[in-house]
Amino acid sequence: MTTAEGDNATSRGSEVWNLPNILTMLRIVLVPFFVWFLLADDGRHGLWRWTAVVAFAVAIYTDKLDGDIARARGLITNFGKIADPIADKLLIGSALVLLSVLGELPWWVTILILVREWGITALRFFVIRYGVMPASRGGKLKTVVQTVAIFLYTMPLKAIAPWLVDVAFWVMMAALAITLWTGVEYVIQALKLRAAGRKA
């Protein structure tokens, strides 16, 4: 191995093994534990359910923390750009599917959100030759509202206060509306990006 090759390998290693990326990897590792805790509870809203709530909360906090650290310290890397959205989709997707499996969230809600999420991800890759579609304010709002809705659904609301179940449902409906609306916005943005790219 030449000195240049060694320096490049070291650079790639330091790019991956920094604090924001380690937090992202931690979030990915937490996903199967969250799944196991939620399934272990089996809708009984006991200790395992509260453990699932804590696991979800920690995972969501690492999402905010890794982004803040990466921007503050200039540690935004190509690995992070790829791994961070994957970690988010794994966590959000598994939570939605499991809540539907447990009969607590209608399947049509889960299907609509997942189709939109993975559809827009595929669309980003399709138009990447023409340019990158940045996350919009609506997209960021969508993520926040989705997270709040899932957190409420994950909590044992029936054991705390039954009326909170209705609150969780309407927050989820707001998340769904924002998810679909921003999906339409991204499709329009992708079409404009493709048209501009083909003209150029």
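## A tour from E117 outward

Select E117 and K142: they form a salt bridge, and the closest N and O atoms are 2.9 Å apart. A salt bridge here is a side-chain nitrogen of Lys or Arg within 4 Å of a carboxyl oxygen of Asp or Glu. The pair links distant parts of the chain, 25 residues apart, with E117 in helix α5 and K142 in helix α6 (residues 137–154). Helices are DSSP runs of H or I with at least four residues, strands are runs of E with at least two, and both are numbered from the N terminus.

The model is predicted, so local features need pLDDT of at least 70 and side-chain atom pairs count only at pLDDT 80 or more, whereas totals for chains, interfaces and linings use all residues. Residues are numbered from 1 along each chain as its sequence is written, and side-chain values use heavy atoms, without hydrogens and water.

**Stop 1: stay on E117**

Are E117 and K142 buried or exposed? Both are buried. Buried means under 20% relative accessible area, exposed means over 50%, and partly exposed lies in between (1.4 Å probe, protein chains only). E117 counts as buried because its relative accessibility is 6%.

Add R116 to the selection. Its side chain also meets that of E117 in a salt bridge, at 3.4 Å from N to O. R116 is buried too, with a relative accessible area of 8%.

Now add K89. Salt bridges that share partners join K89, R116, E117 and K142 into one network.

**Stop 2: R49 and E104**

How many salt bridges does a search of the whole structure find? The search finds five. For another salt bridge, select R49 and E104, whose side chains meet at 2.6 Å, N to O. R49 sits in helix α3 (residues 47–73), and E104 sits in the loop between α4 (78–101) and α5 (107–127). This pair links distant parts of the chain, 55 residues apart.

The two ends have separate labels. R49 is buried, with a relative accessible area of 0%, while E104 counts as partly exposed at 21%.

**Stop 3: the second largest pocket**

Keep R49 and E104 selected, and add H45, G103, Y153, M155, P156, L157, K158, V165, A168 and F169: together these residues line the second largest pocket. A pocket is found on a 1 Å grid over the protein atoms alone, as an open set of points where a 1.4 Å probe fits, with protein on both sides within 12 Å along at least five of seven lines; lining residues have an atom within 4 Å of a point.

The volume of this pocket is about 180 Å³. A volume is the space filled by probe spheres set on the points, which are joined across faces, edges and corners.

Which elements give two or more residues to the lining? They are α7 (157–160) and α8 (163–199). The largest share, three residues, comes from α8. By class, the lining has seven nonpolar, two polar and three charged residues. Ala, Val, Leu, Ile, Met, Phe, Trp, Tyr, Cys and Pro count as nonpolar, Asp, Glu, Lys and Arg as charged, and the others, Gly among them, as polar.

Zoom in on H45, in the loop between α2 (19–41) and α3. H45 has a positive phi of about 60 degrees although it is not a glycine. H45 is buried, with a relative accessible area of 19%.

**Stop 4: two C-alpha distances**

Select L105, in the loop between α4 and α5. L105 counts as buried at 2% relative accessibility. Draw a distance from its C-alpha atom to that of A168: the two are 63 residues apart along the chain and separated by 10.0 Å.

Next, select V145 in helix α6. V145 counts as buried at 14% relative accessibility. The C-alpha atoms of V145 and A175 are separated by 5.2 Å, with their positions 30 residues apart along the chain.

**Stop 5: the surface patch**

Select V101, W107, I111 and V115, which form a nonpolar patch on the surface with about 400 Å² of accessible area together. Patch residues have over 30% relative accessible area and no salt bridge; like charges are joined within 9 Å, nonpolar side chains (Val, Leu, Ile, Met, Phe, Trp, Tyr) within 5 Å. Accessible areas come from the Shrake-Rupley method with a 1.4 Å probe, and for residues only the protein chains shown count as cover.

Which helix gives the most to the patch? It is α5, with three residues. W107 lies in α5 and is partly exposed, with a relative accessible area of 43%.

**Last stop: the whole chain**

Clear the selection and show the whole chain. Its secondary structure comes to eight helices and zero strands. Of its 200 residues, 38% count as buried.
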